[in-house]
Amino acid sequence: RLVNAPSQTAKEDAYLEMVKDPSCKGLYRTNQTNFEKIPGSPLCYWISDRVLKVFSLPKKINDIGFSKKGLDTGENTKFYRLWFEVNNEADYWIPLNKGGKFRKWYGNHEYVINWSQNGSAIKRNGKANIRNEKFYFKPSVSWSDVTSGKLSARLTPSGFIFDATGPSYFGANLFSMLAYMNSKVFASIATLMMPTIHFTNGQVGLIPYNTQADSNQRIVFLSKANVLISKTEWNNFEQSWKFDYHPYMFHIAEHTVLVICHIHRRISKIRVTAKHPFKKLATWWHKIQNVPKKCQTFGLGGH
C-alpha cells in the first residue's frame, strides 16, 4: 500500500463534494427517462439535448429500407478467392462484398465467391448459413461489420453477393443514405448505440433517419460526386480488376514515351567493353527521330 495514497473514505468525500458543486466540469445531470428514447437505453448521460432530439424522428433506417446481414459459408478458405487468383472467364466466380478496411464511398472489391450452380456446394455444406438470398446481386450501401474506428460506408453496385462481415442496406435512396452513413451526425449516433468494435445490421437499422434528405438534390449530387472520385481512385491501382495503367501515364506525352522506349531498347543492346566504349546518344539519335506517334503500339496512354 502506498503511504500517501488517499483512503477510500477520502475518495468518497471528494466525490460528494464534486456532486455538491454544480459548476464542476465532471458533473452530469440528466433525466433517466431520456435513456429510454435511445434504442437499447444506453447510459450515455453526456449527450446534449440537440443530439437527443434526433431520436425523436419518426423514422428509422429499417422503416424506409432493409439493413441485412449476409451469408456464412462455414469454409471461407474453400469458397473464397481473391479476384486475381481465379480464371475471370469462369462465370461462377461472383464478386463478393466482404467488408474490408476503412474506406468510404467506393471500393474494397477484392474477393470473389464460388457460386457454381446457384451456390449448391455451399448450401450442401452443413456449416453454411445462407441469409437474405433475395437481396443478392442488388446494389446496396455496405460497411464493415468489425472496425476499430468509425463506420465507413461504400456504394456496392449490382452483381455482388454479400457475407456476414459486409452487412448492407438495400433501398431506393442509396445515395442519400450513403451520405448519411458517412456523416459526422451518423458517427456520433453510432458511437452511442454501438460502443464496441461491431457495427451490426440490426443496430444500424435502428438509427433514426431524416427522410427529408432523400429529396435534397445537393446531398444526392455530392454523394454521387464522392462515389465517382473514390471509384476512379480505386480503379487507378492494381488492387482493382478494372486497372489498366497507372494514372501517372496520363501526363506523359506519347512522343516522349516512345522515345523513352526506344532509348531503353537500344541501351539494352549495347555491350560496354574496354575496346568498345559506350556510344554517346548523339551518334544514334537520328535513328529514333522517325518514331510513329502511336502510343497504342506500346499499350500506353497519353495526350
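Q217, R218, F221, L228 and I229 are exposed on one side of α9, the side opposite its buried residues. The model is predicted. The points below cover helix α9 and then the nonpolar cores.

**Helix α9**

- The helix α9 (217-235) has 19 residues and spans 27 Å from its first C-alpha to its last, close to the 27 Å expected at 1.5 Å a residue.
- Its buried residues are V220, S223, V227, S230, W234 and N235.
- These buried residues lie on the same side of α9 because they cover an arc of only 125° around the axis.
- In an α-helix there are 3.6 residues a turn, so residues three or four places apart point the same way.
- The buried residues of α9 pack against α6 and β6 (154-156).
- At the start of α9, the backbone nitrogen of R218 has a side-chain oxygen of N216 within 3.1 Å.

**Largest nonpolar core**

- The largest nonpolar core holds 28 residues, and I61, M181, F186 and I207 touch the most other members.
- Two or more residues of this core come from each of α6 (174-181), α7 (184-193) and α9.
- Leaving aside residues up to four places away in sequence, I61 touches Y169, M177, Y180, M181, F186, V204, G205, I207 and Y209.

**Another core**

- Apart from the largest core lies another, of 13 residues.
- Among the members of this other core are I113, W115, Y136 and F162.

Definitions and conventions: Residues numbered from 1 in each chain as written. Predicted model: local features only at pLDDT ≥ 70, side-chain atom pairs only at ≥ 80, totals over all residues. Heavy atoms only, no water. Core = buried A, V, L, I, M, F, W, Y, C linked by side-chain atoms within 4.5 Å. Buried < 20%, exposed > 50% of the residue type's maximum accessible area, 1.4 Å probe, protein only. Helix = DSSP H or I, 4+ residues; strand = E, 2+ residues; numbered from the N terminus. Contact = heavy atoms within 4.5 Å. Expected span 1.5 Å × (residues − 1). Arc of directions from axis to C-beta. Polar contact = N/O pair within 3.5 Å; in protein donor to acceptor, adjacent residues only side chain to side chain.
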